[in-house]
Amino acid sequence: SDEEWEKSVEDWNATRQRVTDSLDSASAGMVVALSSLGTFADSTAVREELKGVHVPLVASAAEEDEEKGDVLELAYRILQTTLPPYTSADVLAEQEPALANGGVTQSPLTHSREDFHLCGVALTFVECFLRDPSLREQELRFVHVAAECFKLLVKVEGELEGFGRSACNAACRVLTLFSHDVKGREEILTAGVVPAAIAFLTKPVSESITVGVLQFLRVAMKERPLAEVAVDNDALPLLQHIASAKAGEGAGELSSSIIDQIIEVDLSARLWWSGSIPEGLPLYSGFYDCGRAKARGDPWLKRDEHKSVQLGTKWKETVVVNIDADEGLQSMLEKVEARIKEEGAVTENAVLKIVAEEVSGALGGEMEMEGYAHFSYIQDIDRIRVGLGANYVPIGDVKRGNARHRAVLFKVLLDLLRSRTSTPAANVGEEGSEEVSGEGEGESVAVPPSFPHVSLDRCEITRGALALFSWNEYVGEDGTRKVVDLLDAVGSVYEVESDEGRRYCRKGENAFSYL
């Protein structure tokens, strides 16, 4: 109502007055004070001196009632009291965009140039102290006030100018400092900064803001949860555009670097983006093959979407890896381990053959390459989808699968086997292990099974039965790249560039070769 709106304006003005009164000076005076202190705060000695100085935080009639604190507490109070009123009013405006009197939409309450200036100077002042890693851990509260400033500025229409630009750059620098620490990145995730950062890259902002945002993202993307948030907010295509449009410039190089960092930690996105997960990057709980490929022009399937996509969708099923909760996967792993031990398999070829045979047997058995397009597996996938009421399938629940399902299962099993391999000394005397002489007198140690790192690769065919056809490669003991057959001559190993290897990987074929 009009009265509620007028009340919010009155509250805002009253808050501004309280801030001015409590600081016992106009905001311009505080800007001068903090700017002056910030000039000297680059010195470690001065920072130590300033941390010991206690200043009034709230003006009071009686001097003995004054609340005092250090300069960081003062800066925090300034930021805390300057930012929340706008946030509250902005939420109110979004919830009640049209008032009852004629449906006239009123704009949200806005900050003045002085507000932006004060926030920017306060954050710049705090930045000097936050260069100390030990202090950052104690002052995680500044993540949230910097985040509020950042999220406030992204809502400003048009290009940021003057003090708004300075405040945004200061917030970026503070958030970048916190991004270097594990706890800082956890707070950044909680504060919801990454979606705002991605939104900034879509706005007509200055080069300095673009570079500042990109520098923050480059550091923050070391953490998989933050990278996943970035991908789900369409960061990869946007960064690719910036990298192309600004090739050779700072923003372009930063964008390319961020893409590399994201797909290093978010393997789900990497498979969609590039069609390959190299050996040495193990699959993990939460990984999913979304059944789409950027090469085909397919959009990314966000993490909050793959469970809500119902039957009847045109997309292929999403294959999910959940190591701890997938009983079928755990059972398969135990079966493979038992067989390796029983047969005393220690060489690469022996181990790969066992894993390949177990994967093939669990997912429908052998099939002739020429009959691949006619291998029936959809009924089993539908069984799982109907049971879950969604379009995703845990890899351990699949009973009949094509090359895509087999390649995912093969890689996750080998990744898990590698992670569970004990040291040779722990296997001394175990039955089924080959023993060799140790360095000590008369000692013998068991040779553990050799579990090579394997990749997960996808062919370039974009249509037909061979779309998303997948396989696993590894570097053999002789240094050549090899591929493992999970379909026809199961357990056979071919050099990737041999005739057999190229045939297995469908290289040089078209989409409908086997129809």
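**Strand pairs, a sheet and a cavity**

Colleague: What makes β12 and strand β13 (residues 493-495) a pair?

Modeller: Three bridges join β12 and β13, which run in the antiparallel sense. Two strands pair if DSSP finds at least two bridges between them, so β12 and β13 qualify. V483 stands opposite Y494 in β13. This is a predicted model, in which local features need pLDDT of at least 70 and side-chain atom pairs count only at pLDDT 80 or more, while totals for chains, interfaces and linings use all residues. Residues are numbered from 1 along each chain as its sequence is written, and side-chain values use heavy atoms, with hydrogens and water left out.

Colleague: How do you know that β11 pairs with β12, and in which sense?

Modeller: β11 (residues 473-475) and β12 (residues 481-484) have three bridges between them and are antiparallel. V475 stands opposite R481 in β12. In the hairpin of β11 and β12, five residues lie between the strands, and G479 takes a positive phi near 90°.

Colleague: Why are β3 and β10 called edge strands?

Modeller: The order β3-β9-β10 describes an open sheet of three strands with antiparallel pairing. β3 (276-277) and β10 (470-471) each pair on one side only. Two bridges join β3 to β9 (residues 456-458), and S276 has D457 in β9 as its bridge partner.

Colleague: Why does 276-277 count as a strand?

Modeller: Strands are DSSP runs of E with at least two residues, and helices are runs of H or I with at least four, both numbered from the N terminus. β3 spans 276-277, so the run meets the cut-off for a strand. The protein has 21 helices and 13 strands.

Colleague: What makes a space in this model a cavity, and how many are there of 30 Å³ or more?

Modeller: A cavity is a set of points, on a 1 Å grid over the protein atoms alone, where a 1.4 Å probe fits but cannot get out. The whole structure has two cavities of 30 Å³ or more. The second largest has a volume of about 40 Å³, a volume being the space filled by probe spheres set on the points, which are joined across faces, edges and corners.

Colleague: Which residues line the second largest cavity?

Modeller: Lining residues have an atom within 4 Å of a point. Among them are K316, E317, Y372, N402, H405 and F469.

Colleague: What does "buried" mean here, and what share of the protein is buried?

Modeller: Buried means under 20% relative accessible area (1.4 Å probe, protein chains only). Buried residues make up 48% of the 515 residues.

Notes: On a 1 Å grid over the protein atoms alone, a cavity is a set of points where a 1.4 Å probe fits but cannot get out, and a pocket is an open set with protein on both sides within 12 Å along at least five of seven lines; lining residues have an atom within 4 Å of a point. Buried means under 20% relative accessible area, exposed over 50%, partly exposed in between (1.4 Å probe, protein chains only).
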